[in-house]
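This report considers one strand with its pairing partners, and then a set of charged side-chain contacts. The sequence and the structure are shown first.

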Amino acid sequence: MKQFSNFVGVDIASASFMACAGITPWQLVIKPEQFDNHEDGFASFLAWLQVNNLKAENTVVCMEATGVYSEGVAYFLVASGYTVAVESPGNIARKFPINASKTDWLDCQYIAEYACRYADKLAFWQPRDEILEQVKVLLTTRQQFSVQLTAHKNALHAVNRKKILSNLAKQAHEDIIGHITKLIAEIDAEIRRLIDSDPTFKATLLLLLSVPGIGLQLAAHLIILMQQSLDPRELAAFVGISPIQHQSGTTVYTTPTSRHYGPPALRKLLYLAACSVRTHRKEFKKYFLRKTAEGKSGKLVLNNIQNKLLKIACAVVRSQKPFIPNYVSVNPLLLKNT
């Protein structure tokens, strides 16, 4: 593991960010300074690092995950040779007093101290492949359009039920519905084109599409997710479909349940895939009926099916072999005896 002697904390905001630096054992050695959150500010920040002898080979820059606000400086620093760690705001907040004052000036010091104290557990950030970054943006845009499409369909249904009908309102909703539907189709085509343009991503897509219940949207989400790991247990925990136990002694106990944190769009698509295979795939339908007959709740069994689909998806990608319907596993020991 790379050893760091300098720890820079960066507190990101929309228009600016605050940075400071410390050393181990934790001691603040460079007081916080503010920079603009755009290209000119990035250049000033790099000059500040160099002036203060914070070299790329022994410095880690830590910041909170703030979505698009932190992307620009993260890309700039990695391109300049620096190691960047992006941490969950909750992880950092839990390590410091909850009654402490909160200012940008203090927050960047907390982040720097967190990086120093937990250097061996930092999540180092790397730029996502350009194709996957475009696919991610398109998936987010598609999700936003899908929400708008549902809203306009519901509004059109309400307009059609009115006793006194407004033809203009009806036509407006129909035009928007048609336009959004066309845009969603174009987004789907562009997602497929982008993935097909890379041989590795294309091969992974075809493998995932062979799994029951997985379509283009879910496959694209999984391709992005699987850049982190191919361990289905890790991915299930990240998505929020992994049951969590809560038990202590004889008095504290709750039924294990998923916490439903993580990417909601992916979780929804996995749920819809589970509903689909439960209805249309004989083996999953038998499993669902058997478990519900044993007294399990339908919601729990569907969650189990989601986990099964995720395990199958990881297995086909790891093995580089498509899903084989009606596959029967044979014990190798039995083959030796025949």
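A salt bridge is counted here when a side-chain nitrogen of Lys or Arg lies within 4 Å of a carboxyl oxygen of Asp or Glu. The model is predicted.

**Salt bridges**

By this criterion, the whole structure contains seven salt bridges. Side chains of opposite charge can pair when their charged atoms come close. One of the seven links Glu113 to Arg117, with an N to O distance of 3.8 Å. This pair counts as a salt bridge because 3.8 Å falls within the 4 Å limit. Both Glu113 and Arg117 belong to helix α4, which spans residues 104-117. Four residues separate Glu113 from Arg117, about one turn of the helix. Arg117 is partly exposed, its relative accessible area being 40%.

Two further pairs are Arg233 with Asp231 and Glu283 with Arg281. The three pairs discussed here are listed below.

| Salt bridge | N to O distance |
|---|---|
| Glu113 and Arg117 | 3.8 Å |
| Arg233 and Asp231 | 3.6 Å |
| Glu283 and Arg281 | 3.4 Å |

In the pair formed by Arg233 and Asp231, the two residues fall into separate accessibility classes. Arg233 is exposed, because its relative accessibility is 63% and the class begins over 50%. Asp231, at 22%, is partly exposed; buried would require a value under 20%. In the other pair, Glu283 is partly exposed at 35% relative accessibility, and Arg281 is likewise partly exposed, at 27%.

**Strand β1 and its partners**

Strand β1 covers residues 6-12, and seven of its seven residues are buried. Its side chains point in two directions: Asn6, Val8, Val10 and Ile12 point one way, while Phe7, Gly9 and Asp11 point the other. The residues on both sides are buried.

What joins β1 to strand β2? Seven bridges do so, and the two strands run antiparallel. Strand β2 comprises residues 16-23. Together β1 and β2 form a hairpin, with three residues between them. Strand β4, residues 59-64, also pairs with β1, through five bridges and in parallel orientation.

Val8 illustrates both pairings. In β2, Val8 stands opposite Ala21, and in β4 the bridge partner of Val8 is Val61. Val8 is itself one of the buried residues of β1.

Terms used. Residues are numbered from 1 along each chain as its sequence is written. This is a predicted model: local features need pLDDT of at least 70, side-chain atom pairs count only at pLDDT 80 or more; totals for chains, interfaces and linings use all residues. Side-chain values use heavy atoms; hydrogens and water are left out. Buried means under 20% relative accessible area, exposed over 50%, partly exposed in between (1.4 Å probe, protein chains only). Two strands pair if DSSP finds at least two bridges between them.
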